[in-house]
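Trainee: Could you take one part of this protein and walk me through it closely? I would like to see how the pieces around it fit into the whole.

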Amino acid sequence: MVEDGFEYGGASYPSLTSIAHKITGAHWSGPRFFGLPKAAQSRSKGGADG
């Protein structure tokens, strides 16, 4: 994770969803694609823990 999003393959992306799209060419929920637990999804959306 970088300050303005996420890094993958030497490039910066604003979200995990954009990385999942880059990998698969299809629309995915990024956290779901990467198998993150629901608590991590809440934090990435600015939930009480993040």
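Mentor: Happy to! Let's start in the loop between α2 (30-33) and α3 (38-44), where phenylalanine 34 lies. Keep in mind that we are looking at a predicted model.

How buried or exposed is phenylalanine 34? Its relative accessible area is 37%, so phenylalanine 34 is partly exposed. The cut-offs behind that label are under 20% for buried and over 50% for exposed.

Now turn to the rings. The protein has two aromatic pairs. One of them joins tryptophan 28 to phenylalanine 33, with 5.1 Å from centre to centre and 70 degrees between the planes, an edge-to-face arrangement. The other partner of interest is our loop residue: the ring centres of phenylalanine 33 and phenylalanine 34 are 4.9 Å apart. Their planes stand at 90 degrees, and because an angle over 60 degrees counts as edge-to-face, this pair is edge-to-face too. Phenylalanine 33 takes part in both pairs, and Trp28, Phe33 and Phe34 form one aromatic cluster.

How much of the rest of that cluster can be reached from outside? Tryptophan 28 has a relative accessible area of 36%, which makes this residue partly exposed. Phenylalanine 33, at 26%, is partly exposed as well.

Phenylalanine 34 also belongs to a second grouping. Together with Tyr8, Ile23 and Leu36, Phe34 forms a nonpolar patch on the surface. The accessible area of these four residues together is about 330 Å². Phe34 is therefore a member of the aromatic cluster and, with its 37% relative accessible area, of the surface patch.

Let's step back to the whole protein. There are three helices and two strands, and along the sequence they follow the pattern β-β-α-α-α. The loop that holds phenylalanine 34 runs between α2 and α3, in the helical part of that pattern.

What share of the residues counts as buried? Of the 50 residues, 20% do. The accessible surface comes to about 3,800 Å², and carbon and sulfur atoms make up 53% of that area. As for contacts, among those with a separation of 6 or more, residues 24 or more positions apart account for 0%.

Notes: Residues numbered from 1 in each chain as written. Predicted model: local features only at pLDDT ≥ 70, side-chain atom pairs only at ≥ 80, totals over all residues. Heavy atoms only, no water. Phe/Tyr/Trp six-rings, centres within 6.5 Å; stacked < 30°, edge-to-face > 60°. Buried < 20%, exposed > 50% of the residue type's maximum accessible area, 1.4 Å probe, protein only. Helix = DSSP H or I, 4+ residues; strand = E, 2+ residues; numbered from the N terminus. Contact = heavy atoms within 4.5 Å. Areas by Shrake-Rupley, 256 points an atom, 1.4 Å probe, with all protein chains shown as cover. Patch = residues over 30% accessible without salt bridge, like charges linked within 9 Å, V, L, I, M, F, W, Y side chains within 5 Å. Salt bridge = Lys/Arg side-chain N within 4 Å of Asp/Glu carboxyl O.
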